[in-house]
There are 2 protein chains.
Amino acid sequence: AIREALIAFFQPKPLSGKTVLMTAGPTYEPIDPVRGITNISSGKMGYALARALVMAGAKVQLVSGPVALPTPQGVERIDVHTAREMHRAVMLRAAKADVFVGVAAVADYRSVEVAIDKIKKAGEGLTIELTRNPDILAEVASLPAAPFCVGFAAESQNLDVYASGKLAAKRLKLVVGNLVQDGMGGDTNQVVLFDADGSHPLPRASKTEVAAGIVAHLARMLDAAANA
Amino acid sequence: AIREALIAFFQPKPLSGKTVLMTAGPTYEPIDPVRGITNISSGKMGYALARALVMAGAKVQLVSGPVALPTPQGVERIDVHTAREMHRAVMLRAAKADVFVGVAAVADYRSVEVAIDKIKKAGEGLTIELTRNPDILAEVASLPAAPFCVGFAAESQNLDVYASGKLAAKRLKLVVGNLVQDGMGGDTNQVVLFDADGSHPLPRASKTEVAAGIVAHLARMLDAAANA
């Protein structure tokens, strides 16, 4: 902690004075008291990014799904479980944020019915009806005075097509794309940054280094936007 | 670690010479590369039990679903994700075990189809067809020379009825029952032991102490069975 504080002290502070609202981790959509639908997300990339943002001088509010990670020093953490809880926590804070970064692997769908008691096994099959969850990132990006919005795209194929599509469709400023086979669960990651200028691959590195690379790119973009 | 080793050295060893095969944690049933169905289980109760079994002198093999916990000292850990992987890992080892303890929150159902690529959002609804997973505990208990089988029952209601029902239906020797609202995710637990003699409630305590209570009861039962 002393080492981190020292490094932070001597670090340049390109995001000083900026409030960054972000999400990380998976969401958990209950089916009954013991079962649910979730996404694969250790939260490591999001938490590394939260640390990098604090190091760069930002005030960081982290709305987090259930993960087994300690809260990074200097980060205000709001714990949630479902996509709708995450949506509520984000929308309460979005208008006051300078930057919004959606790293969480938000469940696109939730169970239509949530059983109050544990569903007992009965029969060979079971059908679960799902319904769409709110699209938090798209909603924040459509706000009248939207913060600078950064999305993440985890894809299993066609990363370029899907990530640039997400950039345009949700009117984001930056999308961090990665192939799920490259990053999920592990301690390293390989990502490609997509913005209005095209795509910028970052080298494979630890999630801490990748986070620093993303923050550096974000700081340059914010700087260019301020001077435009 | 030194403290644990010292305590372990002076501890009585009622399970010395016994091989205990056990499961812990949740299972994860993929729907596509980023989504899946899971159960709420931190693995804490199972891992506390694995430690208590080692302290009592047992050789412990722990087949574990995805959890964020370190492997207890002296435990052989086999990592799995799905119920079918857990089933395979257990059945490979069950014949040589003296005791089998099924603590894992095994998903009863898995998705019929697992998409190779991430399912893209499309439309307001989505239906997932599920099919039954193997019942690992019942299958181990039905082996010709079955180990002494211990089950766990996490219920949201009617604990007595469901836990004694599980004892009889799966031909188990002991069922550890708890209400999900009492234990899941937390560091303490309150359980009731169900065996042929009836029910034995243990006081609410840390998962470490509850585990020691379960092991003491198990050791008395094994001793009684050996002297019968």
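**Exercise 1. Find which residues A:Asp135 touches beyond four places in sequence, and describe its setting.**

Solution. Start with the contacts: once residues up to four places away in sequence are set aside, A:Asp135 touches A:Lys170 and B:Lys121. This is a predicted model, so please read every value here as computed from it. Next, place the residue on the fold: A:Asp135 sits in the loop that links strand E8 (125–132) to helix H4 (136–141) of chain A. Then check its exposure. The relative accessibility of A:Asp135 is 24%, so it counts as partly exposed, given that buried means under 20% and exposed over 50%. Finally, look along the chain: A:Ala107 is 28 residues away from A:Asp135, and their C-alpha atoms are separated by 9.5 Å.

**Exercise 2. Work out how chain A is related to chain B.**

Solution. Superpose the two: a turn of 180 degrees with a shift of 0.0 Å along the axis lays chain A on chain B, with an RMSD of 0.0 Å. That is the relation of a two-fold axis. Which residue of chain A comes closest to the rotation axis? It is A:Ile37, whose C-alpha lies at 2.2 Å. Now turn to the interface: 100% of the interface residues of chain A are also interface residues in chain B, so the copies meet through the same surface.

**Exercise 3. Trace the strand neighbours of E10 in chain B.**

Solution. Begin with strand E9 (residues 148–155) of chain B, which runs parallel to E10(B) and is joined to it by six bridges. At one position, B:Glu155 stands opposite B:Leu179 in E10(B). To get from E9(B) to E10(B), the chain passes through helix H5 (residues 159–169) of chain B, and this β-α-β crossover is right-handed. Another pairing partner is strand E12 (residues 192–195) of chain B, which is antiparallel to E10(B) and pairs with it over three bridges. Here B:Gly177 has B:Val192 in E12(B) as its bridge partner. Last, consider burial: E10 (residues 174–179) of chain B is mostly covered, with five of its six residues buried.

**Exercise 4. Compare the span of helix H7 of chain B with the expected value, and list its buried residues.**

Solution. First, the length: H7 (residues 207–226) of chain B has 20 residues and reaches 28 Å from its first C-alpha to its last. That is close to the 28 Å expected at 1.5 Å a residue. Second, the burial: the buried residues of H7(B) include B:Lys207, B:Val210, B:Ile214, B:His217, B:Leu218 and B:Met221.

**Exercise 5. Describe Asn158 in both chains.**

Solution. Take the backbone first. A:Asn158 is not a glycine, yet its phi is positive, at about 50 degrees. In B:Asn158, also a residue other than glycine, phi is near 45 degrees. Now the location: A:Asn158 lies in the loop between strand E9 (148–155) and helix H5 (159–169) of chain A, and B:Asn158 is in the loop between E9 and H5 of chain B. For exposure, A:Asn158 has a relative accessible area of 44% and is partly exposed; B:Asn158, at 44%, is partly exposed.

**Exercise 6. Decide whether A:Thr19 is buried or exposed, and find what surrounds it.**

Solution. A:Thr19 belongs to strand E1 (residues 19–24) of chain A. Its relative accessible area is 16%, so A:Thr19 is buried. Apart from neighbours within four places in sequence, A:Thr19 is in contact with A:Lys59, A:Gln61, A:Lys96, A:Ala97, A:Asp98 and A:Val99.

Note on methods
Residues are numbered from 1 along each chain as its sequence is written. Chains are lettered from A and ligands numbered from 1 in the order in which they are written. This is a predicted model: local features need pLDDT of at least 70, side-chain atom pairs count only at pLDDT 80 or more; totals for chains, interfaces and linings use all residues. Side-chain values use heavy atoms; hydrogens and water are left out. Copies are superposed by least squares on the C-alpha atoms of residues with pLDDT of at least 70 in both. Contact means heavy atoms within 4.5 Å. Buried means under 20% relative accessible area, exposed over 50%, partly exposed in between (1.4 Å probe, protein chains only). Helices (H or I, at least four residues) and strands (E, at least two) are DSSP runs, numbered from the N terminus. Two strands pair if DSSP finds at least two bridges between them. A crossover is right-handed if, with the strands pointing away from the viewer, the path from the first strand over the helix to the second runs clockwise. The expected span of a helix is 1.5 Å times one less than its number of residues.
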